[in-house]
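Open the model in your viewer and keep the selection panel handy. We will walk through it one stop at a time.

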Amino acid sequence: MRLVLLGLAVVAGAVSSPAMAGELPDIFDSGKLLATSGVSQLEGAGGGGLASWALITGYGTRNGVGANVHYTGVALPDYRLDSMGAAVGLFDRVELSYAWQGFDTQGVGAALGLGKGYTFHQNIFGAKLKLIGNAVYDQDTWLPQLSIGLQHKENDRGAIIAAVGGKGAVGTDFYLAASKLFLAQSLLVNATVRETRANQLGILGFGGDRHGDYSTQFEGSAAYLISRNFAVGAELRTKPSNLKIAHEGDAWDLFAAWFVNKNLSVTLAYADMGNIVIRNNQHGAYLSVQTGL
Amino acid sequence: MMKKATMTVLAAACLFFAAPALADDSLYRDLGGLDGIKKFVDVEMAYHLENPRIMHQFDETNIDRLKEQLVIFFCQTAGGPCKYTNHDMKVVHQGMHLTNVDFNALVEDMQKAMDDQAIPFSVQNRLLARLAPYQHQVVTK
């Protein structure tokens, strides 16, 4: 966690200082148009807040490289989720990402006998490959930009996961994402199908006593571009309900993203994560800050 | 009977050939017509000439002629009453080895220029949406 914060500080320093920015190799071409790199979604991939998009993260064009770090916090009535990570986009073709997630059970931890503030952690390693299309330039066709990706997740609370009925502490999600900018309408639309076994994104492990196998889930986003710097929109993400202990609901959010410049974006959202274990109606504030180039 | 059929074909043909003249020019009008386009192209070119990413592309360019051609091209693209008769975008940009960085730098200058002329963002996007596919012809590197 400290390492990521240090990384954030270093990158923020580098991009905010013209002298240092001038020394960056030309390969960091920062050549994409503002906002067309998306932001960092909860598991670290380039996307919206909940959804992974087909866009490759960062502002590198097909001749360059982009990179960024992010912090995301979701304050729910009974829980708190923190995510930090780093991602690189290579030649607008490949994206590699890492995110660290901490899920603080706060008072619920005590109620469940785990101890107040008992926290689940996940390391998430992501990779994404753009297959075809360009979401921005291909305005003369309905064909979207298509990417495939995976997110390999390692949770550190195997014993508790087993106790609540989870099958394992390690899992890998696979997804196919389609993104399309309807520029004449100032609208960015995204649809993703995800094959996953994850319970609450993996925070409660993978597979369960109700359903053990992969299931197909959906992620959708729509963002309206108000100006070059501002976008507002909504997202929906379905989740499997694998555990007998509690029904797992779908998640949705309403967001506003501010692209200050190509080096900094701030996303605020109202996020509804559904019910989580013994607490219903887990909705609250979502804040995400991304800095990079 | 024969006459009726001929009339129908003629009427259909008239409708068909009349269509271009009735083409939607709402974007052209929203951009402020020829005058509005001329104004932002003026400002846009000024931005290009001081943009370190692309200024060198115009070293040997007749700027006045380029502006003229741009105005006609944008006017036609926006559905206005202009006819662009110069070489197509592929030929015009041949051998320039342009990248997406160059293409997007031009777009950014254009956005700034349209901002300066108080052209609403949504109107800007309608024009850019029609220009974006030329990326395939312009960007070769």
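Two strands count as paired if DSSP finds at least two bridges between them. Strands (E, at least two residues) and helices (H or I, at least four) are DSSP runs, numbered from the N terminus. This is a predicted model, where local features need pLDDT of at least 70, side-chain atom pairs count only at pLDDT 80 or more, and totals for chains, interfaces and linings use all residues. Residues are numbered from 1 along each chain as its sequence is written, while chains are lettered from A and ligands numbered from 1 in the order in which they are written.

**Stop 1: the barrel.** Select chain A and show it as a cartoon. You will find 12 antiparallel strands closing into a barrel, in the order β3-β4-β5-β6-β7-β9-β10-β12-β13-β14-β15-β16. On average, neighbouring strands of this sheet are turned by 20° against each other, direction ignored.

**Stop 2: three strands in a row.** Now select residues 230–237 of chain A, strand β13, and residues 251–261, strand β14: these run antiparallel and are joined by eight bridges. Highlight F230(A), whose bridge partner in β14(A) is W258(A). Next add β15, residues 264–272 of chain A, which pairs with β14(A) in the antiparallel sense over nine bridges. A hairpin of two residues links β14(A) to β15(A), and D253(A) has A271(A) in β15(A) as its bridge partner.

**Stop 3: another pair.** Move to β5 (residues 94–104) and β6 (residues 119–132) of chain A, an antiparallel pair with 11 bridges. Here L96(A) stands opposite A127(A) in β6(A).

**Stop 4: where the chains touch.** Which residues should you colour at the junction? In all, 17 residues of chain A are in contact with 17 residues of chain B, contact being C-beta atoms, placed from the backbone, within 7 Å. The chain A side divides into five nonpolar, six polar and six charged residues; Ala, Val, Leu, Ile, Met, Phe, Trp, Tyr, Cys and Pro count as nonpolar, Asp, Glu, Lys and Arg as charged, and the others, Gly among them, as polar.

**Stop 5: the helical chain.** Switch to chain B, which has eight helices and zero strands. Select α3 (residues 33–49) and α6 (residues 100–116) of chain B: they pack at about 135°, with axes 8 Å apart (axes are lines fitted to C-alpha atoms, for helices over the stretch in contact, and angles run from 0 to 180 degrees between N-to-C directions). Among the residues of α3(B) that meet α6(B) are F40(B) and Y47(B).

Technical notes
Contact = placed C-beta atoms within 7 Å.
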